[in-house]
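Let's take a walk through a protein model together, one piece at a time. Keep the picture open beside you as you read.

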Amino acid sequence: MVGSIAAIGMGLAVIGAAIGIGWIGAKAMESIARQPEAVGDIRSNMILMAAFIEGAALIALILSFLVAGV
Amino acid sequence: MRHLVLSLVFSCFALVAFAQHDHSGHDHSDHAGHNHADHAGHDHAAHADGGHDDHHGHGGHGEKACGHYTHHEFNAGDNAIHHISDANVYSIGPFNIPLPVILYVPNEGGFKMFSSTQFDHASGHHGTGVRAHERFVIDGGQVKHVTDSSFPNENVAISGIVHIKKDGKEEAFVCYNEKLYPTEVKSTADAGIFGGGITGYYDFSLTKNVVSMFIVCLILFLLFTSAAKAYKTREGKAPTGLQNLLEVMVTFIRDEVAVPFLGHNASKFLPFLLTLFFFILGLNLWGQVPFFGGSNVTGNIGVTAVLAIITFFAVNFNGNKHYWEHLFAAPGTPWFVKIILVPVEIMGMFIKPITLMLRLFANITAGHMVILIFVSFVFIFGNSGESVPGAAGGAVAATLLSLFMMSIELIVAFVQAFVFTILTASYLGQATEEAHH
């Protein structure tokens with residue numbers, strides 16, 4: 001039971017991270033279309049921001065593992 | 001196109017061969033005694049005292065504790081976990097190279113060193129040994145210690161290892177002479193957060209992961225010394241071959257990572273950043289090589305934890321006055337904001353390396369697991385060896401899907417090495433930035 005709740009929580013966290021990373025990707029594509037000469041800067045900043053969001057999702061993942069007692 | 005088709009066909013063959021090997025492994029070990037019995041409310045002492053007659057296998061598989069068990073179902077998840085975890089053998093294709101087991105047992109006279117062949121687990125036993133050596137056994141690739149001192153302190157054949165669940169925690173019992181002996185796992189430095197702690201022995205074995213790390217270090221050393229030599233001997237000329245390859249990556253890290261984040265400090269931290277990048281990249285790529293150990297070094301949380309701890313110390317030892325000022329007394333913030341801000345900043349100081357650790361670990365482990373689950377399709381569709389057409393279909397699906405996954409993992413190997421480096425650079429940049437207010 002606790003395991004299932006932890007799994008649901010992890011799923012919710014992943015939805016949040018997915019929306020965040022998707023938005024970053026969309027905005028980065030838009031910016032590259034507007035300013036193709038800044039593609040290098042935009043790309044590395046995009047990866048950096050995605051990594052930060054991923055960090056939040058990873059904390060949720062580990063917390064759910066701990067709660068589920070794996 | 002023809003090459004692609006040919007390589008596809010060959011990897012299909014290779015997968016089927018691998019599957020055969022793997023399945024024979026199941027036949028040998030899992031039936032002999034490596035059994036997952038689900039016993040929730042049983043008393044451990046009774047088992048240890050030989051009260052094994054009341055010990056029924058889950059779903060009526062077994063008759064008694066050390067008895068014979070019928071076939072147990074193939075579990076893709078367990079199989080994947082087994083293949084990504086560390087081992088005491090280095091497998092190259094069908095060959096297994098035994099590695100030394102080095103243990104420190106304070107109660108039994110210090111260090112013990114012997115070959116992992118003493119456990120007789122290398123071929124076909126799926127990481128579970130059929131022999132005990134000086135009260136040590138190997139269970140699912142992990143060395144475990146028999147705590148009972150009545151257990152013979154020499155090399156003896158055991159009849160199996162039984163897993164018994166109690167309070168949601170699975171414990172392994174060694175079956176020897178129709179008796180069950182409790183075991184303990186190695187000491188871990190997780191302070192009990194993940195259920196570990198200090199036990200009776202410490203495991204310093206030269207495992208598959210350690211050997212892979214040595215190999216990657218050696219490869220990196222040879223690559224970089226030969227490239228560095230080329231810069232001396234070919235001074236003034238255009239770079240060739242290896243030089244070209246490495247120069248692209250080194251200048252990329254310098255111009256895209258070090259200089260934008262660190263400014264005039266870039267040259268000071270560039271060696272550290274390059275070391276991190278190439279070490280992680282090398283290990284990521286080494287883990288991608290199929291049939292060559294299939295090591296999962298950067299997918300091991302211990303390895304990534306050490307990398308993150310190095311970053312943590314690098315950041316905090318190089319932090320200047322402004323870094324600490326912003327941490328404990330952010331200028332221009334009222335006191336009531338500081339009450340909230342300072343604890344958050346201090347937490348952030350530790351959360352940064354923790355996320356570094358988890359990100360690399362989770363990404364690489366997830367990639368390896370997905371590939372292994374795809375490979376498991378051969379057994380899932382083949383109904384564990386009973387249906388040959390199913391296995392063939394599974395092999396085709398597994399080949400295509402794991403090839404697709406491996407090409408994604410190739411990108412992930414580069415991206416994760418880059419992300420680790422760029423985040424380290426940005427943390428270092430925050431810590432060493434001069435004030436501009």
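Start with a single residue: with 19 C-beta neighbours inside 10 Å, Gly55(A) counts as partly exposed, because a residue needs 20 or more of them to be called buried. Bear in mind that this is a predicted model. You'll find Gly55(A) in helix H2 of chain A, which covers residues 39–68. Now look for Ala17(A): Gly55(A) and Ala17(A) are 38 residues apart in sequence, and their C-alpha atoms are 9.0 Å apart in space.

Which residues does Gly55(A) touch, once we leave aside its neighbours within four places in sequence? They are Thr355(B) and Arg359(B), so look across to the other chain, because the letter in brackets is the chain. The wider meeting of the two chains brings 12 residues of chain A into contact with 12 residues of chain B. On the chain A side, those residues divide into seven nonpolar, four polar and one charged.

Let's move over to chain B. Chain B has 437 residues, and 35% of them count as buried. Its secondary structure comes to 10 helices and 13 strands. Here's something to notice about how the chain folds back on itself: take the contacts in chain B between residues at least 6 apart in sequence, and 64% of them join residues at least 24 apart.

Helices next. Helix H9 (residues 335–381) and helix H10 (residues 388–432) of chain B pack with their axes 7 Å apart, at an angle of about 175°. Since an angle over 145 degrees counts as roughly antiparallel, that makes H9(B) roughly antiparallel to H10(B). The contact between H9(B) and H10(B) has 23 nonpolar residues, with seven polar and three charged.

H10(B) has another partner, helix H5 (residues 241–262) of chain B. Are H5(B) and H10(B) roughly parallel or roughly antiparallel to each other? Their axes are 8 Å apart and the packing angle is about 25°, and they are therefore roughly parallel. H5(B) passes H10(B) in a right-handed crossing. On the H5(B) side, the residues that meet H10(B) include Val257(B), Ala258(B) and Phe261(B), while those on the H10(B) side include Ile422(B), Ala425(B) and Gly429(B). By class, the contact of H5(B) with H10(B) divides into eight nonpolar, four polar and no charged residues.

One more helix is worth a visit. Ile84(B) lies in helix H3 (residues 76–84) of chain B. It has 21 C-beta neighbours inside 10 Å, so Ile84(B) counts as buried. Leaving aside neighbours within four places in sequence, Ile84(B) is in contact with six residues listed here in full: Asn296(B), Gly299(B), Thr365(B), His368(B), Met369(B) and Leu372(B). As for Val378(B), it is 294 residues from Ile84(B) along the chain, and their C-alpha atoms are separated by 18 Å.

Now for the strands. Strands of a sheet pair through backbone hydrogen bonds, either parallel or antiparallel. Chain B has an open sheet of three strands in the order S5-S4-S13, with antiparallel pairing. Which strands are at the edges? They are S5(B) (110–115) and S13(B) (202–203), each of which pairs on one side only. Strand S4 (residues 100–105) of chain B pairs with S5(B) over six bridges, and Pro100(B) stands opposite Ser115(B) in S5(B). S4(B) and S5(B) form a hairpin with four residues between them, and Gly109(B) in the turn has a positive phi of about 80°. S4(B) also pairs with S13(B), over two bridges; there, the bridge partner of Tyr104(B) is Tyr202(B) in S13(B).

Our last stop is strand S8 (residues 142–146) of chain B. Four of the five residues of S8(B) are buried, so it is largely enclosed by the rest of the structure. Strand S7 (residues 136–139) of chain B runs antiparallel to S8(B) and is joined to it by four bridges, with Lys144(B) in S8(B) as the bridge partner of Val137(B). S7(B) and S8(B) form a hairpin with two residues between them, and here Gly140(B) in the turn has a positive phi of about 60°. S8(B) is also joined to strand S12 (residues 179–184) of chain B by two antiparallel bridges, and the bridge partner of His145(B) is Glu184(B) in S12(B).

Key: Residues are numbered from 1 along each chain as its sequence is written. This is a predicted model: local features need pLDDT of at least 70, side-chain atom pairs count only at pLDDT 80 or more; totals for chains, interfaces and linings use all residues. Two residues are in contact if their C-beta atoms, placed from the backbone, lie within 7 Å. Ala, Val, Leu, Ile, Met, Phe, Trp, Tyr, Cys and Pro count as nonpolar, Asp, Glu, Lys and Arg as charged, and the others, Gly among them, as polar. Axes are lines fitted to C-alpha atoms, for helices over the stretch in contact, and angles run from 0 to 180 degrees between N-to-C directions. Angles under 35 degrees count as roughly parallel, over 145 as roughly antiparallel, 65 to 115 as roughly perpendicular and the rest as oblique. Two strands pair if DSSP finds at least two bridges between them. A crossing is left-handed if the near helix is turned anticlockwise from the far one by less than a right angle, and right-handed if clockwise. A residue is buried if 20 or more other C-beta atoms lie within 10 Å of its own, exposed if 12 or fewer, and partly exposed in between; C-beta atoms are placed from the backbone.
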